[in-house]
Amino acid sequence: MASLRAAARLRPVASRVARSSQPRFYGAAAAVKSSPPSGEQPFFPDEPAGPTVKTAIPGPITKKAIDDLHKVFDTRSLNMMANYQKSFGNYIADPDGNVLLDVYAQIASIPVGYNNPSLHKVALSEEMASALINRPALGNFPSHDWADVLRTGILKAAPKGLDQVFTAMAGSDANETAYKAAFMWRRQQERGGAHVEFSEEDITSSMLNQAPGAPQLSILSFKTAFHGRLFGSLSTTRSKPIHKLDIPAFDWPQATFPLLKYPLEEHVQENAKIEAEALADVERIITTHHLPPCAVVIEPIQSEGGDNHASPAFFRGLRALTKKHNILMIVDEVQTGVGATGKFWAHDHWDLETPPDMVTFSKKAQTAGYYFGNPELRPNKPYRQFNTWMGDPARAILFRAIIDEIERLDLVKNTANVGDYLYGGIEQLAKRYPGEIMNLRGKGQGTFIAFDSPRRDEFLKKAKNVGVNIGGSGERAVRLRPMLIFQRHHADILLEALEKIVKS
């Protein structure tokens, strides 16, 4: 708050006057300052001391607003209605004045807090204003400083070994364009290289959706995976039928994702066997499927499908298989990326000998795309990997500010440390309430923690009554997705709330 007020004082007088009629940010949520435990310096000193629940959720004002919204917009998937002007840091407010500790964070998409002052300052900059009102068709008309924006932002955070990026609009879009790159790479190899021109048969058959122009190839994904809801990405999504019903799909294969048994330390040999069988299934599909896979796509932690984990050894084995059979490895870091697991990229936990071929990203990055390193993953002709926007400079500028904030506050390290603390607290609750908190997972994975509940949907509903916004995944999992600014005093509030829920 202090930095935001200082920034306001530095703006021209005319600018301040023009905004004086606008509603002030953080009004309700910032009214009570937090008092963290001794020794912990809060990232947001003006945060609430804790949640405030004034009404049932949704309350009367919210219900009226929902009814009004439903006249023009489908509200059937609504979780809660928010007042973002009064949300701040780790806390989300609603129209009735309820203020909840948010450990769902817009499905893992808010990295450094609601109304973060540093991001607010960037949002009011001339650079951002230009990017918003002069939005370019990046493939045709990039700004003169686009390379600098990428190098100081998106590429500054690039995974090891991947020094190029194709920007996109959303996570599904990032995965779809990565799939396209994989198919074009494969067919380019089969023709003999980028210099070989398309045949007349390639060209004419492509317009009929037939081979060889529309090749009989596939992308291999995993059971209970989620990679998006567009047509190509939806064909690799296997988490819930409701995502896929009535939508035509490609005939692409799915392999078994290891379903590990918990606690991990009590099932070491059994889990090793489960992972070995899963890798054998992958190799069987690669070598026998009637539509040969040109790439494998995998999440470091299957998120929407139930927060399913596998060991670093499994992922190293998967990488070895892709190298052995000359197919690409696409790591979908849409939900796991940007610090959530205590590493900037979740696949950094794996200690791979060679990096993935492509890493897709979105959510906490507030922009989207895929990283790659091999120049052969660029199509051999222009306009093959193309659309009007090809991303959004405004969102790239925001990601740059997010990266700066992460570095300034050392938030990846913070997430690793707080995650260990939070995991230990939930582990103790699981021992006291073994029938309510089961299959706790995510140890050593920052705050990317989950557990199973026998009454999951009721659990999520009760959480709001005790001042916590929390989410689920799969059929029974409660998934935690705190922001990177989540600290130990927030963890204490969450742990107290979890115990209230399981005791009720």
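This passage walks through the sheets of the model and one buried residue beside them.

The structure is a predicted model, so local features are described only at pLDDT of at least 70 and side-chain atom pairs only at pLDDT 80 or more, while totals for chains, interfaces and linings use all residues. Residues are numbered from 1 along each chain as its sequence is written, and side-chain values use heavy atoms, with hydrogens and water left out.

Start with the domains, whose bounds come from an automatic or database domain assignment. Domain 1 covers 18–95 and domain 2 covers 126–407. Taken over C-alpha atoms, the centres of the two lie 34 Å apart.

Next come the strands (DSSP runs of E, at least two residues, just as helices are runs of H or I of at least four, all numbered from the N terminus). Two strands count as paired if DSSP finds at least two bridges between them. Seven strands make up an open sheet with mixed pairing, in the order 3-9-8-7-6-4-5. Its edges are strand 3 and strand 5 (254–255), each of which pairs on one side only. Strand 3 (residues 164–168) and strand 9 (residues 368–372) run antiparallel, joined over five bridges, and Phe166 has Tyr370 of strand 9 as its bridge partner. Further in, strand 7 (residues 328–332) pairs with strand 8 (residues 358–361) in the parallel sense over three bridges, with Val331 opposite Val359 of strand 8.

Edge strand 3 is mostly covered: five of its five residues are buried, meaning under 20% relative accessible area, with exposed over 50% and partly exposed in between (1.4 Å probe, protein chains only). In a regular strand, side chains alternate between the two faces of the sheet. Here, Gln164, Phe166 and Ala168 point one way, and Val165 and Thr167 the other.

A second open sheet, also listed with mixed pairing, has three strands in the order 1-2-12. Strand 1 (91–93) and strand 12 are the edges, each pairing on one side only. Strand 2 (residues 99–102) is parallel to strand 12 over two bridges, and Leu101 has Val468 of strand 12 as its bridge partner. Helix 17 (residues 488–503) lies across strands 1, 2 and 12, at about 105° to strand 2; axes are lines fitted to C-alpha atoms, for helices over the stretch in contact, and angles run from 0 to 180 degrees between N-to-C directions.

Finally, Ile470 sits in the loop between strand 12 (468–469) and strand 13 (471–473). Ile470 counts as buried because its relative accessible area is 2%. Ile470 and Leu101 are 369 residues apart in sequence, yet 8.6 Å apart C-alpha to C-alpha. Leaving aside residues up to four places away in sequence, Ile470 touches (heavy atoms within 4.5 Å) several residues, including Val103, Tyr104, Leu460 and Leu498.
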